[in-house]
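User: I would like to go through the ligand site of this model step by step, with short reasoning for each point.

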Amino acid sequence: MAEVDEARPHADLWAEVHAWLDESWDPDRSVDEWWKLVANAGWTAPHLSVEQGGRGLSRRSQAVVRAAFADHGALRPPGGLGLLMAAPTILTHGTPEQVGRLVPPILDGQVGWCQLFSEPGAGSDLAGLTTRATRDGDRWVITGQKVWSSMAAQSDYGMLLARTDFDVPKHKGISWFAFRLDQPGVTVRPLREMTGHAVFNEVFLDEAVCDDADLIGGAGNGWAVTQTTLHFERTGIGAGGSHAGFPEPGPKGGMLGRRAGDAALDEAPNDKLTLGYPDVARLARERCRSDDPVVRQDLARLYAYSQLGLWNAQRGKAEARRGGGQAVASIGKLTQTRIVKLAAKLGMDILGPDGLVAGAQAVDGGVFAEAMVFSPAASIYGGTDEIQRNIVAERSLGLPREPTPDRDVAFGEVLRSRAKMP
Ligand SMILES: Cc1cc2nc3c(=O)[nH]c(=O)nc-3n(C[C@H](O)[C@H](O)[C@H](O)COP(=O)(O)OP(=O)(O)OC[C@H]3O[C@@H](n4cnc5c(N)ncnc54)[C@H](O)[C@@H]3O)c2cc1C
């Protein structure tokens, strides 16, 4: 996809970013202005080609650049699901017109995106989705319900999957839309989670509309487009990326109108929901538990998982360049589940009862308790661990496919538990 320059040493890149920031970082600019400047210089997604808005560097460069921004005290480039998933999907399957119109506002943080895939009756069996899109001239009329839609209340666009043809087998009648959320016919209802936050939403679509110009990859080709989106989601999770992706872009992300210097100060080191080896190793040292044999054993296990995750991500990149890597992305996602759950448990083991304290009195602002209550999600989001194991079994190990009696049947003929479809 992008021109890469793997040979470029990171030390040079680190120095180059710092030199650019010495010249350009001005805390008195608005976040809006700052992100436009950052995107113009190609720092939001430096791994993209120059024509695509990047700098033609390696995929690893994105993490190096963000770390250099934080090290300099500058507000990092925008994050979010648009950058993680929508941009690479549109770059892969969109027309030049769609790429030119939809990708730049992602790179300069002007729009926020969410993922509108899962439905009450379609999660693991995503291809069983029933949200209906009906063509009406040069637009589509869409009715249905989505659920688990992270950040939908803060987003401007959704990566929307809808069924455009009920007369063909289920994988063949799906389409992928770049869908505007701010319109009549769209109701976004936040759901409060056990973490105390309301990241998820239900999204109700009642004759909402989407221009044909925003159909990505062609009608009925949405399953292939979806594989690209899921690949980038799992690769991002496998590389340890935060699902929420701070800092949040778009007008509803709440950042654009702020002074960039203030926003940078608010970028607390504990802005993440999941933890890794460095967080827990530091905690063990600070709490004088590094010599405890049980803690050491789990720390060693966590370190091993982290290294395996790193090497697996490198292998995934090599396979992706050869046009493969789906099973490797699934292994990366499985490894990350282990890391997230073990790090959360170990943090609590080290803290003991102190780990239960919330609010201002909590150790590190309560980040360990937060990680603990979020950790069960790791084996679910991005496709459950069971589904990742199925993918590895079928696509990598060559084991027999799961029986799918409805695979070649017209979707409208398939028996479903939901009595009524939109
Ligand atoms: C933190 C978080 C964020 C999320 N964000 C989004 C989002 O932004 N957008 C979005 O669209 N979705 C999102 N999701 C939804 C997520 O993708 C789904 O929850 C997931 O795909 C599972 O679907 P389900 O919940 O319907 O479970 P189900 O599919 O009903 O599965 C229930 C259980 O059955 C198992 N199972 C199902 N089928 C099989 C099988 N064939 N073989 C073996 N086991 C099986 C599953 O592994 C699971 O344990 C998010 C989920 C979480 C936890």
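User: Which pocket does the ligand sit in?

Analyst: The model is a predicted one, and the answer rests on a pocket search over the protein atoms alone. A molecule is assigned to a pocket if more than half of its atoms lie within 2 Å of the grid points of that pocket. By that criterion the ligand sits in the second largest pocket.

User: Why does the ligand lie between two domains, and which are they?

Analyst: The shell counts 18 residues, with Ser 118, Ser 124, Ser 150, Thr 384 and Glu 386 as the closest, and helix 13 (residues 385–396) gives the largest share, 3 residues. Because both domains give residues to this shell, the ligand lies between domain 2 (96–240) and domain 3 (277–396).

User: What share of the ligand's exposed area does the protein bury?

Analyst: Polar contacts to ligand nitrogen atoms include a backbone N or O atom of Gln 115 at 2.8 Å, a polar side-chain atom of Asn 390 at 3.1 Å, and a side-chain N or O atom of Glu 402 at 3.0 Å. Taken alone, the ligand exposes 980 Å², and the share of this area that the protein buries is 71%.

Definitions and conventions: Residues are numbered from 1 along each chain as its sequence is written. This is a predicted model: local features need pLDDT of at least 70, side-chain atom pairs count only at pLDDT 80 or more; totals for chains, interfaces and linings use all residues. Side-chain values use heavy atoms; hydrogens and water are left out. A residue is near a molecule or strand if one of its heavy atoms lies within 4 Å of it. A polar contact is a pair of N or O atoms within 3.5 Å; within protein, one must be able to donate a hydrogen and the other to accept it, and residues adjacent in sequence count only if both atoms are side-chain atoms. Accessible areas come from the Shrake-Rupley method with a 1.4 Å probe; for residues, only the protein chains shown count as cover. On a 1 Å grid over the protein atoms alone, a cavity is a set of points where a 1.4 Å probe fits but cannot get out, and a pocket is an open set with protein on both sides within 12 Å along at least five of seven lines; lining residues have an atom within 4 Å of a point. Helices (H or I, at least four residues) and strands (E, at least two) are DSSP runs, numbered from the N terminus. Domain bounds come from an automatic or database domain assignment.
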